[in-house]
Amino acid sequence: MRLLTLLKGKIHRATVTASNVDYIGSITIDAALMEKAGIVEGEMVHVWNLTNGQRFITYAIPGEADSGTIQINGSAAHRARQGDKVIIAAFIITDEQVEPKVVLVDDQNRFVKYL
């Protein structure tokens with residue numbers, strides 16, 4: 001058996017709505033977007049900042065559904081600011097092929113379509 005780390009879900013070009021260095025770590029993501037991308041509470045996610053090139057790994061916590069919230073918390077708040085564009089990606093270790101859920105959003109982080 002061969003295990004691979006494969007993309008399972010991604011929110012593409014989300015807009016950071018806030019960053020709070022004093023909040024206890026993680027990234028707060030609109031719960032509806034998390035569900036559409038197949039990201040679960042507490043799951044490790046990679047965040048790639050398209051605006052400044054920074055990359056970091058943290059864990060997801062759900063924000064209010066349909067709020068458009070993408071808030072960078074804790075020390076990661078030094079790597080992203082309000083208005084930055086980010087990609088949020090979750091991976092799975094598996095021996096089976098995975099069809100990733102790639103979510104495209106508009107500038108207010110509202111679901112547009114699956115890629």
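Q: Buried means under 20% relative accessible area, exposed over 50%, and partly exposed in between (1.4 Å probe, protein chains only); which of these words fits phenylalanine 111?
A: This is a predicted model, where local features need pLDDT of at least 70, side-chain atom pairs count only at pLDDT 80 or more, and totals for chains, interfaces and linings use all residues. Residues are numbered from 1 along each chain as its sequence is written, and side-chain values use heavy atoms, with hydrogens and water left out. Phenylalanine 111 has 32% relative accessibility, so this residue counts as partly exposed.

Q: Which residue has its charged end over the ring of phenylalanine 111?
A: A charge sits over a ring if NZ of Lys or CZ of Arg is within 6 Å of the ring centre and within 35 degrees of the ring normal. Here the charged end lies 4.6 Å from the ring centre of phenylalanine 111, and it belongs to lysine 36.

Q: Where does strand β7 lie, and why is it largely enclosed by the rest of the structure?
A: Helices (H or I, at least four residues) and strands (E, at least two) are DSSP runs, numbered from the N terminus. Strand β7 covers residues 85-94, and it is largely enclosed because the buried residues number seven of the 10.

Q: How many bridges link strand β1 and β7?
A: Two strands pair if DSSP finds at least two bridges between them. Leucine 6 has isoleucine 92 of β7 as its bridge partner. Strand β1 (residues 4-15) runs antiparallel to β7, and the bridges number nine.

Q: In β7, which residue is the bridge partner of histidine 46?
A: Strand β4 (residues 44-49) also pairs with β7, in the antiparallel sense over four bridges. The partner of histidine 46 in β7 is alanine 89.
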